[in-house]
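Trainee: I would like a close look at one part of this model, with its surroundings followed outward as far as they help. Please take your time and keep the reasoning explicit.

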Amino acid sequence: MTTAAPSIQFYNSLSHGLEPFALPADRPVTIYSCGPTVYDYAHIGNFRSFLFADLIRRFLEATGAEVRHVMNITDVGHMTEDTGEDKMAQAAKKLAEKKKADKKSGTVEEGQVEDPSDPYQIARFYEDAFLQDALTLGMRLANEPENIPRATENVEGMLAMIHELLASGHAYKSEGGVIYYSVESFPEYGKLSGNTLDQLVAGQGGRVSEDEIAGKRHPADFLLWKPDTSHIMKWDSDLGTGYPGWHIECSVMARRLLGDTIDIHTGGEDLIFPHHECEIAQTRGATGEDRFASFWMHARFLMVEGAKMSKSKGNFYTVRDVLGGKVTGRDVHPGVLRYELTKSHYRANMNFTVKGLQDSAAAVRKLIEFKARLKAEAGDATAEVDNSHPAVSGFLAALGDDLNMSGALGVLFPWVGGSHPDPAESLAAFEIIDSVLCTDPSADPADGESTGGFDPTALCKQIDEARAAKDWPAADAARDELKAAGYEVRNDPSGTVAVKELA
RNA sequence: GGUGGUGUAGCCAAGUGGUCUAAGGCAAUGGAUUGCAAAUCCAUCAUUCGGCGGUUCGAAUCCGCCCACCACCUCCA
């Protein structure tokens with residue numbers, strides 16, 4: 001399938017440098033991505049990180065590799081800091097209030113939670129919402145439920161691993177039966193984050209309470225199991241009825257579905273410490289292997305209009321917000337949001353702006369129309385193209401250099417703008433490139449956009465008639481109406497055509 | 001205080017010792033086209049790479065210092 005696999009190198013957070021990535025010869029590439037917590041809708045920052053993982057996968061698949069990609073759903077509610085209230089419990093309260101309000105106004109939403117006091121229903125509600133968003137934005141994983149494990153369905157496995165860690169001396173039982181991982185039992189603790197144990201002195205960040213370190217042998221020791229019957233989600237076990245620590249789920253699910261060692265582990269930069277540091281300690285403590293993931297890859301955070309995204313600043317956007325026009329004032333094509341979130345380098349902070357979104361819309365439209373044009377010109381002709389095609393090999397070679405998307409787009413656009421004497425061949429080449437970019441994730445040949453009673457073709461006809469009669473004011477009025485509704489008005493040789501703006 | 005990362009035109013950004021008086025995209029400007037626009041096509045658009053020193057025949061690229069921004073050290077993609 002591939003004749004010219006590009007050489008690949010990725011930045012490895014573990015070694016703090018670029019390293020060559022070799023495709024395994026006789027098995028799929030294994031990727032584990034830390035997935036969403038499901039007590040709220042996922043926001044665009046979450047999706048920058050998830051789409052970054054999807055990009056790695058699509059790129060590797062374009063080079064001919066087979067990929068097994070797993071992403072967990074964290075449906076266990078963890079404690080919030082101040083109130084000690086569980087996040088799932090908070091979500092329950094919120095949904096209950098919303099339900100009450102909706103009932104009052106009679107606007108009961110579809111797919112709503114029947115019993116907001118049931119944490120499992122809440123988790124499933126937001127999980128479904130997440131998967132819908134993931135599907136809309138073209139995440140390949142979204143179609144593979146077998147690769148999307150839930151934490152709550154893996155508690156048995158967590159208990160099993162905790163027992164392994166207790167047996168091997170990496171874990172110990174403290175006051176009240178609380179099980180901690182002993183970081184001092186794992187000499188390489190701190191290698192990923194650069195935080196060595198003596199630097200992690202208690203309270204260095206001023207944010208760890210005295211209570212929290214009581215009962216620990218070392219302040220950096222972390223929770224594996226807590227017997228606690230007051231928690232909203234709890235499980236019976238020989239370690240006492242309670243709940244697991246939040247790091248253990250990923251160690252267990254990655255091992256169960258991908259094996260003792262994996263090729264790539266991804267997540268947001270905030271997960272480097274402590275989450276991934278702890279995952280390494282747990283997994284290696286249990287497996288005895290010399291590594292957990294060969295490559296650790298982390299996406300930098302997204303900013304919105306130059307500021308950290310936060311609800312209080314009013315610049316906090318979910319995927320639904322953006323696609324529904326909360327940012328731009330009109331519907332945004334999913335390919336545009338995907339492009340915007342993946343066009344800049346994953347290892348640099350990206351600044352999400354209205355202007356950036358509009359730029360992306362122009363770029364995406366250019367690519368979608370390019371494809372449509374080639375399709376029309378090629379007609380029934382088809383061509384076989386492999387990765388040695390100059391545009392494809394240039395594009396993939398750039399991505400092979402630590403996912404250099406800007407470099408890849410720097411290859412793509414001049415080629416798109418050039419001449420295409422063999423449209424069938426160019427189309428085949430573009431389809432390979434677009435299998436990575438995914439400019440039209442929800443490509444629907446039916447093109448069934450709802451126009452909400454608005455009829456663009458009728459207005460186009462009006463324009464044509466007015467122009468034929470040289471009634472310029474009437475033509476301009478119809479054109480203005482189309483533009484106000486979010487359409488771009490073009491003069492095609494065959495007549496006036498209205499094209500919906502993508503953002 | 002500790003740790004990790006980033007700083008190139010109006011915006012997004014490639015480039016890690018000479019081919020860089022620095023790719024590509026968007027925006028902008030001029031022209032062709034148009035009833036006027038839009039779309040399209042052509043052209044223009046950083047002697048300069050956060051600042052200051054240093055190494056070198058030669059630096060955006062290497063070294064030192066400084067400045068700014070982001071993240072983590074609590075849950076967070």
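Mentor: Helices and strands here are DSSP runs, a helix having at least four residues and a strand at least two, and both are numbered from the N terminus. The model is predicted, and I will take helix 4 as the part to examine.

Helix 4 runs over residues 155-167, and its 13 residues reach 18 Å from the first C-alpha to the last, close to the 18 Å expected at 1.5 Å a residue. Its buried residues are Val155, Met158, Leu159, Met161, Ile162 and Leu165. Seen down the axis of helix 4, these residues fall within an arc of 165°, so they line one face of the helix. The face turned away from that buried side carries the exposed residues Glu156 and Ala167. Just after helix 4, glycine 169 takes a positive phi of about 85°.

As for what lies over the buried residues of helix 4, the cover includes strand 5 (171-173), strand 6 (179-181), strand 7 (222-227) and strand 8 (242-244), together with helix 6 (248-258) and helix 7 (272-287). The last two of these lead to an annotated site, since cysteine 250 lies in helix 6 and glutamate 279 is found in helix 7.

An unreviewed UniProt entry places the feature "binding site" at Cys34, Cys250, His275 and Glu279. These positions span 246 residues in sequence, yet no two of their C-alpha atoms are more than 10.9 Å apart, so they gather at one spot. Two of the four can be followed in detail. With buried meaning under 20% relative accessible area, cysteine 250 counts as buried at 2% relative accessibility, and glutamate 279 counts as buried at 0%. Not counting residues up to four places away in sequence, cysteine 250 touches Tyr32, Cys34, Asn72, His275 and Glu279. Glutamate 279, with its neighbours within four places in sequence left aside in turn, is in contact with Cys34, His247, Cys250, Ser251, His265, Phe292 and Trp296.

The contact between cysteine 250 and Cys34 invites a check for a covalent link. A disulfide is a covalent bond between the sulfur atoms of two cysteines, and the cut-off used here asks for sulfur atoms within 2.5 Å. The cysteine sulfur closest to that of cysteine 250 belongs to cysteine 34, at 3.8 Å, which is too far for a bond. The structure as a whole holds zero disulfides.

From Cys34 one can move along the chain to another annotation of the unreviewed UniProt entry, "short sequence motif: 'HIGH' region", which covers residues 36-46. Over residues 36-46 the chain is 27% helix and 0% strand, with the end C-alpha atoms 7 Å apart.

Helix 1 (residues 44-62) then contains phenylalanine 47 and phenylalanine 50, three residues apart, about one turn of the helix. An α-helix has 3.6 residues a turn, so residues three or four places apart point the same way. A search of the whole structure finds 18 aromatic pairs. Phenylalanine 47 and phenylalanine 50 form an edge-to-face pair, 5.6 Å centre to centre with 90° between the planes. Phenylalanine 47 counts as buried at 0% relative accessibility, as does phenylalanine 50 at 5%. On the aromatic side there is also one cluster formed by Tyr181, Tyr189, Phe222 and Phe273.

Terms used
Residues are numbered from 1 along each chain as its sequence is written. Chains are lettered from A and ligands numbered from 1 in the order in which they are written. This is a predicted model: local features need pLDDT of at least 70, side-chain atom pairs count only at pLDDT 80 or more; totals for chains, interfaces and linings use all residues. Side-chain values use heavy atoms; hydrogens and water are left out. The expected span of a helix is 1.5 Å times one less than its number of residues. Buried means under 20% relative accessible area, exposed over 50%, partly exposed in between (1.4 Å probe, protein chains only). The arc is that of the directions from the helix axis to the C-beta atoms. Contact means heavy atoms within 4.5 Å. UniProt positions are given in the numbering used here, feature names are shortened, and annotations may be inferred rather than shown by experiment. Rings of Phe, Tyr and Trp (its six-membered ring) pair if their centres lie within 6.5 Å; planes under 30 degrees apart count as stacked, over 60 as edge-to-face and the rest as tilted.
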